[in-house]
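Let's take a friendly tour of the pockets in this structure. Have the viewer ready as you read.

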Amino acid sequence: MSQLKSEAYFEEMAGRLKDNAALADQVKAIFEWQIQKDGKTAAVWTLDLKNKPGSVKKGESQGEKPGCTMIVDDEDFVLIATGKLKPQEAFMKGKLKLKGNIMLSQKLSGLFQQQSKL
């Protein structure tokens with residue numbers, strides 16, 4: 001079983017969140033990422049920016065329903081995380097699908113502003 005490239009970015013995101021705990025105060029929402037590989041969901045990550053201090057965990061949200069769910073291919077997620085593909089462009093091209101309150105996705109820009117060096 002091959003590891004998804006996106007896993008390293010979620011781990012980095014968790015570290016970045018520890019350095020910027022105030023982000024949970026600003027965003028106040030729970031996000032779920034469904035990472036696709038070969039057209040099937042290969043991993044699910046939950047980004048909790050509603051409950052302090054915030055967290056990034058592998059797996060579905062426990063207890064609270066996510067305000068926004070994002071469905072994206074592993075390769076496309078990496079392009080978005082590294083700044084090589086704009087989220088709006090990915091959405092318009094059908095590479096990024098959103099469920100729930102899509103306006104919440106705009107609040108994630110702070111997490112992707114510092115482009116990953118991985």
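What follows is a short report on two pockets and the residues that line them.

## The largest pocket

Keep in mind that this is a predicted model. Its largest pocket holds about 430 Å³ of space. If you would like to centre your view there, look for Lys-86, Pro-87, Gln-88, Ser-105 and Gln-106, which lie nearest the centre of this pocket among its 20 lining residues.

Three elements each supply at least two residues of the lining: helix H4 (87-92), strand S5 (96-100) and helix H5 (109-113). Of the elements, H4 gives the most to the largest pocket, with four residues. As for chemistry, the lining of the largest pocket has 13 nonpolar residues, along with six polar and one charged.

## The second largest pocket

Next comes the second largest pocket, with about 170 Å³ of space. Its lining is made up of Ile-30, Thr-46, Asp-48, Asn-51, Ser-55, Lys-57, Lys-58, Gly-59, Glu-60, Ser-61, Gln-62 and Glu-64. Strand S2 (40-48) and strand S3 (55-58) are the elements that give two or more residues to this lining. S3 gives the most to the second largest pocket, with three residues.

By class, the second largest pocket is lined by six polar, five charged and one nonpolar residues.

## The two linings side by side

For a quick recap, the largest pocket has 13 nonpolar residues and one charged residue in its lining, while the second largest pocket has one nonpolar and five charged. Each lining also has six polar residues.

Key:
Residues are numbered from 1 along each chain as its sequence is written. This is a predicted model: local features need pLDDT of at least 70, side-chain atom pairs count only at pLDDT 80 or more; totals for chains, interfaces and linings use all residues. Side-chain values use heavy atoms; hydrogens and water are left out. On a 1 Å grid over the protein atoms alone, a cavity is a set of points where a 1.4 Å probe fits but cannot get out, and a pocket is an open set with protein on both sides within 12 Å along at least five of seven lines; lining residues have an atom within 4 Å of a point. Grid points are joined across faces, edges and corners, and a volume is the space filled by probe spheres set on the points. Ala, Val, Leu, Ile, Met, Phe, Trp, Tyr, Cys and Pro count as nonpolar, Asp, Glu, Lys and Arg as charged, and the others, Gly among them, as polar.
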